Amino acid sequence: MLNKKNKELDVPRLNEIIKISNHLLKIFYPLMIAGAILLITFVLNEWKVLSFAYRILQILKPLFIGLIIAWLFDPFVTWLSNKKTNRVLSTVITFLIVATIIYIFLSFFIPVLANQTNDFISFLPNILKYLQKFVDNIFYNIESVSG
């Protein structure tokens, strides 16, 4: 800003304007990014690009899961292969060990889960009665205070 009398810059006023504009930019920059993302998402959705990408991901999902499983099991298979075991046999042994561990885990987990679910279902009416009494008590106290 120029001072009209002296034709000099009004430095304090200019600093104030710069400070305010910096604050405004800090506010509007994330809003502009969010708006741009929203606009891009809307355009991609209208052009059916997102549904196409979703279909491609659904098709490739088993491949990615297989790659992750292979990546996780590779160190053990390599270790068995280094112990003079055929790589195919090492892979079969690894899958059998993992399948056995999953079976043992599920054979212990499923009965416990079923028992807990049955206990919860049998106790559910008591919980609902207690909850009903609690809510009724709240409304009774509200009525007694206001009325």
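In which loop, between which two helices, is Lys-48 found? In this predicted model, Lys-48 lies in the loop that separates helix H1 (11-46) from helix H2 (49-82). The backbone at Lys-48 has a positive phi of about 60°, although Lys-48 is not a glycine. Most residues other than glycine have a negative phi. With a relative accessibility of 56%, Lys-48 counts as exposed, because the cut-off for that class is over 50%.

A second lysine, Lys-84, is found in the loop between H2 and helix H3 (87-146). Lys-84 likewise is not a glycine and yet has a positive phi, in this case of about 70°, and its relative accessibility of 79% places it among the exposed residues.

The two loops belong to a chain that contains three helices and two strands, and these elements, followed from the N terminus, are arranged in the order β-β-α-α-α. The chain has a radius of gyration of 34 Å, whereas the globule rule gives 15 Å for 147 residues, and the chain is therefore more spread out than a compact globule. Along the principal axes, the C-alpha atoms occupy a box of roughly 95 × 70 × 35 Å.

As to burial, 3% of the 147 residues of the chain count as buried. The exposed surface of the chain comes to about 13500 Å², of which 73% is supplied by carbon and sulfur atoms. The chain carries 14 positive and 8 negative charges, and the mean position of the positive charges is 11 Å from that of the negative charges.

Technical notes. Residues numbered from 1 in each chain as written. Predicted model: local features only at pLDDT ≥ 70, side-chain atom pairs only at ≥ 80, totals over all residues. Heavy atoms only, no water. Helix = DSSP H or I, 4+ residues; strand = E, 2+ residues; numbered from the N terminus. Rg over C-alpha atoms; globule rule 2.2 N^0.38 Å. Buried < 20%, exposed > 50% of the residue type's maximum accessible area, 1.4 Å probe, protein only. Areas by Shrake-Rupley, 256 points an atom, 1.4 Å probe, with all protein chains shown as cover. Lys, Arg positive; Asp, Glu negative; His and termini not counted. Charge placed at Lys NZ, Arg CZ, Asp CG, Glu CD.
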